[in-house]
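The following exercises concern the architecture of a single protein chain. Each task is followed by a solution that proceeds step by step.

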Amino acid sequence: MDAESMRQSLAVAAINVRQHFEPLRNENIELLHRVGLSEEALQFFEEFSFDRDLEVGELHYDQANCFKKNLDWEDAFQRALRTELLLVGSGPSGDPIAVDLHDYQVGYLFHDYFWDEENEEPRKFFIKMNCSLGQLFMNAITIEGYPIDAYEAAAYTGSEFTGYWSPENTD
């Protein structure tokens with residue numbers, strides 16, 4: 001998860017973490033335990049739990065205390081979690097940022113397909129950045145031209161899925 005890189009990215013973004021810190025509520029801790037989150041990942045969300053969603057550079061980091069609410073009310077959150085993708089933020093175009101619960105690497109979901117193609121496997125539209133969540137935020141705020149959406153991520157990583165797909169094309 002890379003807490004140190006997340007701390008650094010929040011500092012570079014000039015976010016007052018003390019002002020916005022909010023303890024992670026038990027209902028969210030229980031949910032994260034239920035989905036099998038590692039202790040290190042749980043500690044990450046306990047440390048980076050804030051009273052609102054935060055803009056870190058051009059990326060959006062969701063309020064960790066909304067995990068349970070999102071599970072109860074958001075179909076997209078539920079669909080992603082069923083495939084062991086935890087939605088934790090978004091890029092400026094609305095592409096969700098997800099943590100892969102298999103290896104804790106992070107990536108972007110093409111929002112156009114993820115939301116519109118509900119019968120498709122969400123991982124089909126997931127572009128893994130091969131870095132931790134903290135490193136993604138750090139890279140996006142410090143490296144010029146670093147991907148901040150799924151199209152850019154697909155080009156950057158050389159992904160087989162580029163975002164140019166239709167339901168009629170089953171390849």
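In the exercise on helix packing below, an axis is a line fitted to C-alpha atoms, for helices over the stretch in contact, and angles run from 0 to 180 degrees between N-to-C directions. The model is predicted.

**Exercise 1. Helix packing**

Task: Determine at what angle helices α1 and α8 pack and how far apart their axes are, and state the handedness of their crossing.

Solution.
Step 1. Locate the two helices: α1 covers residues 3–12, and α8 covers residues 133–142.
Step 2. Their packing angle is about 35°, and the axes are 7 Å apart.
Step 3. The handedness of the α1 and α8 crossing is left-handed.
Step 4. Identify the residues that meet. From α1 these are Ser5, Met6, Gln8, Ser9 and Val12; from α8 they are Gly134, Gln135, Phe137, Met138, Ile141 and Thr142.
Step 5. Classify the residues of this contact: 5 are nonpolar, 6 are polar and none is charged.

**Exercise 2. The chain as a whole**

Task: Establish how many helices and strands the chain has, and how its radius of gyration relates to the globule rule.

Solution.
Step 1. The secondary structure consists of 9 helices and 6 strands.
Step 2. For 171 residues the globule rule gives 16 Å, and the radius of gyration of the chain is 15 Å, close to that value; the chain is therefore as compact as a globular protein of that length.
Step 3. The C-alpha trace spans about 50 × 35 × 25 Å along its principal axes.
Step 4. Of the 171 residues, 50% are buried.
Step 5. Consider contacts between residues at least 6 apart in sequence: 60% of them join residues at least 24 apart.
Step 6. The accessible surface amounts to about 8500 Å², and carbon and sulfur atoms account for 45% of it.

**Exercise 3. Helix α6 and the residue that follows**

Task: List the buried residues of α6, name the elements against which they pack, and describe the backbone at Glu84.

Solution.
Step 1. In α6, residues 75–82, the buried positions are Ala76, Phe77, Arg79, Ala80 and Leu81.
Step 2. These buried residues pack against α5 (67–73), β3 (85–90) and α7 (111–116).
Step 3. Glu84 occupies the loop between α6 and β3.
Step 4. Most residues other than glycine have a negative phi.
Step 5. Glu84 is not a glycine, yet its phi is positive, at about 65°.
Step 6. With a relative accessibility of 34%, Glu84 is classed as partly exposed.
Step 7. A second case is Asp2, in the segment before α1. Asp2 is a residue other than glycine, and its phi is positive, near 70°. Its relative accessible area is 25%, so Asp2 is partly exposed.

**Exercise 4. Buried loop residues**

Task: Decide whether Ser49 is buried or exposed and whether Pro147 is buried or exposed, then find their contacts beyond four places in sequence.

Solution.
Step 1. Ser49 belongs to the loop between α4 (39–47) and β1 (54–56).
Step 2. The cut-off for a buried residue is under 20% relative accessible area. Ser49 has 0%, so this residue is buried.
Step 3. Ser49 touches His20, Phe21, Glu22, Pro23, Leu24, Ala64 and Asn65.
Step 4. Follow one of these partners, Glu22, which lies in the loop between α2 (17–20) and α3 (26–34). Beyond four places in sequence, Glu22 contacts Ser49, Phe50, Asp51, Gln63 and Asn65.
Step 5. Pro147 is found in the loop between α8 and α9 (150–157). At a relative accessible area of 1%, Pro147 is buried.
Step 6. The contacts of Pro147 are Tyr108, Met129, Glu152, Ala153 and Tyr156. Tyr108 is 39 residues from Pro147 in sequence, with a C-alpha to C-alpha separation of 9.4 Å.

**Exercise 5. A buried position in a helix**

Task: Characterise the surroundings of Leu42, a residue of helix α4.

Solution.
Step 1. Leu42 has 4% relative accessibility and therefore counts as buried.
Step 2. Beyond four places in sequence, Leu42 touches Leu24, Ile29, Leu32, His33 and Leu37.
Step 3. Leu42 and Leu24 are 18 residues apart along the chain, and their C-alpha atoms are separated by 9.7 Å.

Definitions and conventions: Residues are numbered from 1 along each chain as its sequence is written. This is a predicted model: local features need pLDDT of at least 70, side-chain atom pairs count only at pLDDT 80 or more; totals for chains, interfaces and linings use all residues. Side-chain values use heavy atoms; hydrogens and water are left out. Buried means under 20% relative accessible area, exposed over 50%, partly exposed in between (1.4 Å probe, protein chains only). Helices (H or I, at least four residues) and strands (E, at least two) are DSSP runs, numbered from the N terminus. Contact means heavy atoms within 4.5 Å. A crossing is left-handed if the near helix is turned anticlockwise from the far one by less than a right angle, and right-handed if clockwise. Ala, Val, Leu, Ile, Met, Phe, Trp, Tyr, Cys and Pro count as nonpolar, Asp, Glu, Lys and Arg as charged, and the others, Gly among them, as polar. The radius of gyration is taken over C-alpha atoms; the globule rule is 2.2 Å times the number of residues to the power 0.38. Accessible areas come from the Shrake-Rupley method with a 1.4 Å probe; for residues, only the protein chains shown count as cover.
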